[in-house]
Amino acid sequence: MLERLKVLSELYGVSGDERRVRKYIREQVEPMCDEVYTDNMGNLYAHKKGNGKRVMVCAHMDEVGMIVTGILDNGLLAFSAAGLDSRAIISKRVAVGKDDVPGVIGSKAIHLQSEAERKTVLLMKDLNVDIGAKDKEDALKYVKPGDYISFTTKFSDFGEGLFKGKALDDRVGCAILIELLKDTYECDFTAVFTVMEEIGLRGAQAAVYNVKPEVALAIEGTLCNELPENPRRKSVTKLNEGAVISFMDGGSLVPESMLNAIKDTAIQHNIPWQFRQGTSGSNDMGPVHIGLAGCKTGVISVPCRYIHSPVSVASKSDFENVYRLAKAFLRDGRFNEV
Amino acid sequence: MDMLKNITDLTKVLGVSGNECAAADVLEQLFRNYTQDTWRDPMGNVYARVGSQKPVIMLMAHMDEIGMTVTEIEKNGMLRLCPIGGVDARVLPGSELVVYGKETLKGVIGCTPPHLLSESDKNSAYDIYDLTCDVGLSYERVCELVSVGDFVTFDNLPPLELKNGYIAGKTFDDRALGAALVEALHILSKRKLNCTVICVGSTQEELGCLGAAIASCNVKPDMAIATDVCHAPTPLADPQSVVDPSKVSVTTGGNIHPGMYQLITEAAKELNIPYATSVSMARTGTDAWNIQNQCGGIATGLISLPLRYMHTNVELISVETLKNCAKLLAEVPARLGSDWEEKICWND
């Protein structure tokens with residue numbers, strides 16, 4: 001599962017450009033499912049037919065990133081971004097477009113800055129991607145407006161029992177969901193690898209229409225803002241303290257029956273778990289729980305430090321525990337309790 | 001000679017100002033491909049000599065890099081840092097680092113996800129003293145491996161190759177010019193010289209060009225050329241402060257002996273090397289400043305490589321221009337003849 005996560009983490013798949021991730025996941029899941037299909041938005045569905053409730057489990061394929069909006073006369077690329085803090089993208093390496101053209105995001109040297117400038121936030125409009133083009137005409141040989149821009153952070157072990165990489169939100173979910181497909185469950189099971197979660201929970205809105213789930217679950221990489229000065233309410237989750245169970249977030253409230261079913265599963269199987277002690281942020285369950293006639297939704301997450309930046313950090317044990325909890329929930333037929 | 005490989009080898013090692021040993025080891029080893037006459041001094045400067053006649057000309061590039069050091073270990077195992085040299089804190093959030101403790105550790109400078117930021121948070125620039133470096137270890141384990149005062153640098157990835165022969169990476173300021181010194185030595189080792197050339201990798205430039213002064217006193221050269229990086233055009237930069245990255249910058253002004261400027265530009269013309277004159281009225285902010293006034297005065301010149309995004313880990317340069325710097329560095333001494341004194345004489 002960790003090997004697969006490394007591959008997934010290093011694939012470029014900015015919201016709206018999930019092709020590479022979709023291709024890889026399709027190859028992985030096709031042998032395990034009755035049918036694998038996509039819809040017009042780009043969501044990938046892996047269906048294991050069965051009797052009983054229609055259960056949908058989602059993980060989103062997309063990651064935060066940028067898109068080329070124009071090319072300046074000097075050959076630098078202007079871009080816009082979604083889900084990113086402009087303060088976290090300076091002095092980073094990127095890959096641009098279908099051909100992965102290497103580039104960097106630089107900024108004016110400290111020597112040339114005034115005192116006031118040093119304290120000023122550089123906005124997206126102040127920043128450019130530099131691919132080494134001589135001028136606009138030269139740049140257009142390699143890239144064009146509309147090309148997506150991804151960070152190129154390598155996945156690796158980190159510290160003790162941890163790993164670091166880009167796009168852990170939500171490739172951790174993708175890796176777990178692929179693993180879940182190896183098993184069989186007493187329900188009509190559809191795994192949905194969604195698109196464009198980071199630009200407005202878009203893919204899930206089509207997925208709920210296509211699957212018409214009665215029960216749905218999202219597997220996420222979530223906030224873990226464990227800075228030394230932050231109390232628990234500000235860190236939201238803690239690394240190494242187990243699978244994260246949400247009671248509510250910015251997009252949905254988890255119904256009591258669902259919350260209890262997930263929690264009891266964890267307790268019964270001795271799986272370490274923690275509450276998501278904050279309600280900021282949302283996920284695919286936002287549109288899913290109010291899609292069509294509505295359905296019961298829940299969220300299980302892996303705590304990831306520094307999500308929505310070029311590099312995030314998560315724990316192998318949390319990653320494993322989220323898988324164990326989701327699997328136990330499905331294997332035990334807990335979806336029948338909600 | 002593989003310039004890119006030499007740059008890779010030179011930039012991946014630790015050399016924060018005051019702790020340049022590892023960089024010096026690599027540079028000395030590269031020098032020794034072309035001369036066995038190398039040595040060090042107590043300040044950490046590295047020397048390599050070719051030729052044996054008068055005059056003595058010193059070519060210099062500094063080995064040190066900007067970086068950070070650990071000031072505090074927090075109870076959750078994260079590190080607080082302070083800068084060594086001109087570190088722009090605004091480039092740090094979301095960066096990967098190397099922490100040189102008892103073991104070499106990976107570090108990440110984290111930042112708060114946008115979901116948890118208020119409007120006022122988003123509008124205030126990060127200060128290095130507020131940032132934390134995560135090494136993914138418990139407090140106890142960190143205390144075993146890391147001490148206050150340990151050095152920290154940007155992640156030491158190999159240079160990234162961009163279009164048109166540009167490369168981006170860390171510490172091209174000034175190890176790229178270290179690679180140019182090596183290449184100049186290579187060229188000079190094949191030429192018949194009427195002078196002595198001493199190439200110097202200097203220390204502590206970023207803290208005020210301290211190694212350069214000591215090296216000058218040790219070498220007592222008749223003339224010297226310092227090499228460093230200068231600014232190439234970047235967004236929001238004053239067009240008067242920057243040089244076209246396809247040209248070698250040759251400086252003129254108070255810090256530079258007019259005769260040296262003349263020798264360098266004549267050599268550039270001879271080799272058809274595109275160059276631009278940079279004007280600096282006083283302090284050049286390079287080793288040249290601390291060479292010029294040593295030992296009763298040394299005729300000093302300055303050759304610079306235009307670089308974008310200085311002091312970040314995506315410093316960007318043209319390999320072609322760097323090769324031209326090396327050719328030019330070699331050509332000036334190679335052309336010196338018996339009339340050398342005439343060239344730096346004040347014929348007022």
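Reader: What share of the 338 residues of chain A counts as buried?

Author: This is a predicted model; local features need pLDDT of at least 70, side-chain atom pairs count only at pLDDT 80 or more, and totals for chains, interfaces and linings use all residues. A residue is buried if 20 or more other C-beta atoms, placed from the backbone, lie within 10 Å of its own, exposed if 12 or fewer, and partly exposed in between. On that count, the buried share of the 338 residues of chain A is 59%.

Reader: And what share of the 348 residues of chain B is buried?

Author: Residues are numbered from 1 along each chain as its sequence is written, while chains are lettered from A and ligands numbered from 1 in the order in which they are written. Chain B has 348 residues, and the share that counts as buried is 58%.

Reader: How far does the C-alpha trace of each chain span?

Author: Take the principal axes of each chain in turn. Chain A spans about 65 × 45 × 35 Å. For chain B the span is about 70 × 40 × 35 Å.

Reader: How many helices and strands does chain B have?

Author: Helices (H or I, at least four residues) and strands (E, at least two) are DSSP runs, numbered from the N terminus. Chain A comes to 10 helices and 17 strands. The count for chain B is 10 helices and 17 strands.

Reader: Which percentage of the counted contacts in chain A joins residues at least 24 apart?

Author: Two residues are in contact if their C-beta atoms, placed from the backbone, lie within 7 Å. Contacts between residues at least 6 apart in sequence are the ones counted. In chain B, 77% of such contacts join residues at least 24 apart. In chain A the percentage is 77%.

Reader: What separates the centres of the domains of chain A?

Author: The bounds come from an automatic or database domain assignment. It gives chain A domain 1 (2–63 + 166–337) and domain 2 (65–151). 12 residues of domain 1 of chain A are in contact with 15 residues of domain 2 of chain A. Taken over C-alpha atoms, the centres of these two domains are separated by 31 Å.

Reader: What is the separation for the domains of chain B?

Author: Chain B has domain 1 (3–65 + 170–343) and domain 2 (67–154) by the assignment. Contact between these domains of chain B involves 11 residues of domain 1 and 12 residues of domain 2. Over C-alpha atoms, the separation of their centres is 33 Å.

Reader: Which element gives the most to the side of chain A that touches chain B?

Author: At this interface, 53 residues of chain A are in contact with 56 residues of chain B. The elements of chain A that give two or more residues are β6 (92–96), β7 (101–105) and β11 (162–165). With 3 residues, the element that gives the most is β7(A).

Reader: Which strands stand at the edges of the open sheet in chain B?

Author: Two strands pair if DSSP finds at least two bridges between them. In this sheet 8 strands run in the order β1-β2-β12-β3-β13-β16-β14-β15, with mixed pairing. Two of them have a single partner strand each, so one side of each is left without a neighbour in the sheet: β1 (38–40) and β15 (275–279) of chain B.

Reader: Which residue in β2(B) stands opposite B:R40?

Author: β1(B) and β2(B), residues 46–50, pair in the antiparallel sense. They do so over 3 bridges. Opposite B:R40 stands B:V46.

Reader: In what sense does β12(B) pair with β3(B)?

Author: Start with β2(B), which pairs with β12(B) in the antiparallel sense over 5 bridges. There, B:R49 stands opposite B:I198. On β3(B), B:L59 has B:C199 of β12(B) as its bridge partner. β12(B) and β3(B) form 7 bridges, and the sense is parallel.

Reader: How many of the residues of β12(B) are buried?

Author: Look at both faces of β12(B). B:T196, B:I198, B:V200 and B:S202 are buried on one side. B:V197, B:C199 and B:G201 are buried on the other. The strand β12(B) is mostly covered, and the number of its residues that are buried is 7 of 7.
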